Amino acid sequence: MVRQWKRVWEARKWMKQNEGFLPTWHAYLGYRLNFFDELQQNGTVGAHVKDRELLENWIQTGLILGHLKKKGDKVYPSSQMKQYFSKSSDVAIGDLLVEMMELHIPSLMDYAPVLKGETPRRTFDGDEHGTAVATTSSFIEQISYRAVKKVVSEIGCETILDIGCGNAGYIRRLAEEFPHKEFVGIDLNKAVVEDAKRNTKDLSNVRIEQQDLREWDNEGKTFKCIMMHNLLHYFSPVERMELMKNIEGLLDKDGGISLITPLYLSEHGQEFSAAFNNFLSVHENLHRLPTAEDVEVLAAAIGRKVTSLKPIVKEGGWYSIVIK
Ligand SMILES: C[S@@+](CC[C@H](N)C(=O)[O-])C[C@H]1O[C@@H](n2cnc3c(N)ncnc32)[C@H](O)[C@@H]1O
């Protein structure tokens, strides 16, 4: 009898634990389908929506969660939803939920068929998801920028290369602050490179190129500082050794590398990095996160050392690392 009650208690605990998913799902859908913007403008939503019952359910849920407010027969988004989940807002964070719901969760759900050998590992489609990933990486950039600026200042470089520069968030800010330094950003994704070029079009000290680092020939020119932020998981542990060899050829003897990456099994953010690691590993073209020891081995492979390793987003296990 006691065992059966304990069973119910345990079931209740797991059900309650899942309640937190509801606001995420609701905000995601409202952002994805532009409902919050539409509600803000018209007090009503979805004249074009085919399934009215599902729409009614979404509105009801929004009212229950406080994401939506009723005024007479009109419905409006709460100020929180308006600010953070409207596409028209300049502080929107909806892309983070899109990435989680459309990329991370489906990947984790693929574990069973992949583990059983029923399907091969997934392939990460950079064309489909590259822009969203670059956007969400920019949240980390916001937090880590000061650390990166300090590293770049300490290395004392005049020319800086950003490998896998994404939408050029770091380059743009650094180039504005250091107009006398030269910046080169490379990224293999076409759409991301177009964004990067757009974001830096007014900066004469920035050059952005669509290049795959593995094939890039910079005609023997080297850099005193190389930034490599959130890039390592695009390379397998074996390929990372090759990557370091490429970097060796691009880095001045007295130069340094600014590395930003989540570290697996580090002191901080173990749960987040475990989740991220699971997501990465189920793809044939994304790879497990490095550990702190892995980074030391990579540095040693080109005769360098890790000279600094500091957490920047503790709950996510994200670190700013300097290799010299
Ligand atoms: C997660 S994003 C990070 C963007 C930016 N560095 C940041 O931290 O905000 C990683 C970027 O690396 C690029 N990338 C991956 N492999 C690459 C390679 N072999 N050569 C150049 N860029 C690469 C991807 O296209 C992607 O835009």
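The exercises below, each with a worked solution, concern a predicted model of one protein chain.

**Exercise 1. The chain as a whole**

Describe the secondary structure, the extent and the domains of the chain.

Solution. Begin with the secondary structure, which comes to 13 helices and nine strands. Next, take the extent of the C-alpha trace, which spans about 65 × 55 × 35 Å along its principal axes. Then turn to the domains: the chain is divided into domain 1, covering residues 2-92, and domain 2, covering residues 126-323, and the C-alpha centres of these two domains lie 36 Å apart. Finally, consider burial and surface: 45% of the 324 residues count as buried, while the chain exposes about 17,800 Å², of which carbon and sulfur atoms supply 53%.

**Exercise 2. The annotated region**

Find which feature UniProt places at residues 160-255, and describe the chain over that stretch.

Solution. The UniProt record, an unreviewed entry, gives the feature "domain: Methyltransferase" for residues 160-255. Over these residues the chain is 34% helix and 28% strand, and the C-alpha atoms at the two ends of the stretch are 10 Å apart.

**Exercise 3. The cysteines**

How many disulfides does the structure hold, and why is there no bond between the sulfur of Cys225 and that of Cys157?

Solution. The structure holds zero disulfides. Taking Cys165 as a first case, we find that the nearest cysteine sulfur, that of Cys225, is 14 Å away, and that Cys165 is in no disulfide. For Cys225, the closest cysteine sulfur is that of Cys157, at 3.7 Å, which is too far for a bond, because a disulfide requires the two sulfur atoms to be within 2.5 Å. As for their surroundings, Cys165 counts as buried because its relative accessibility is 6%, and Cys225 counts as buried because its relative accessibility is 0%.

**Exercise 4. The setting of Asn189**

Locate Asn189, decide whether it is buried or exposed, and list what it touches.

Solution. Asn189 is found in the loop that runs between strand E4 (182-187) and helix H10 (190-199). Its relative accessibility is 9%, and Asn189 therefore counts as buried, since the cut-off for a buried residue is under 20%. If residues up to four places away in sequence are not counted, Asn189 touches Gly126, Asp127, Gly130 and Gln210. With Gly126 there is also a polar contact, in which the side chain of Asn189 reaches the backbone oxygen of Gly126 at 2.8 Å.

**Exercise 5. Two residues with positive phi**

For Ala168 and Asn230, give the phi value, the loop and the burial.

Solution. Phi of Ala168 is near 70°, a positive value in a residue other than glycine. Ala168 lies in the loop between strand E3 (159-163) and helix H9 (169-177), and Ala168 is buried because its relative accessible area is 0%. Phi of Asn230 is near 55°, again a positive value in a residue other than glycine. The loop that holds Asn230 runs between strand E6 (223-229) and helix H11 (237-250), and at 11% relative accessibility Asn230 counts as buried.

**Exercise 6. Sequence and space**

Is Leu115 buried or exposed, and how many residues lie between its position and that of Val282, counted as a separation in sequence?

Solution. Leu115 is found in helix H7, residues 111-115, and Leu115 is exposed because its relative accessible area is 68%. Leu115 and Val282 are 167 residues apart in sequence, yet their C-alpha atoms are 9.2 Å apart in space. For the chain as a whole, among contacts with a separation of 6 or more, residues 24 or more positions apart account for 67%.

Notes
Residues are numbered from 1 along each chain as its sequence is written. This is a predicted model: local features need pLDDT of at least 70, side-chain atom pairs count only at pLDDT 80 or more; totals for chains, interfaces and linings use all residues. Side-chain values use heavy atoms; hydrogens and water are left out. Helices (H or I, at least four residues) and strands (E, at least two) are DSSP runs, numbered from the N terminus. Buried means under 20% relative accessible area, exposed over 50%, partly exposed in between (1.4 Å probe, protein chains only). A polar contact is a pair of N or O atoms within 3.5 Å; within protein, one must be able to donate a hydrogen and the other to accept it, and residues adjacent in sequence count only if both atoms are side-chain atoms. Contact means heavy atoms within 4.5 Å. UniProt positions are given in the numbering used here, feature names are shortened, and annotations may be inferred rather than shown by experiment. Domain bounds come from an automatic or database domain assignment. Accessible areas come from the Shrake-Rupley method with a 1.4 Å probe; for residues, only the protein chains shown count as cover.
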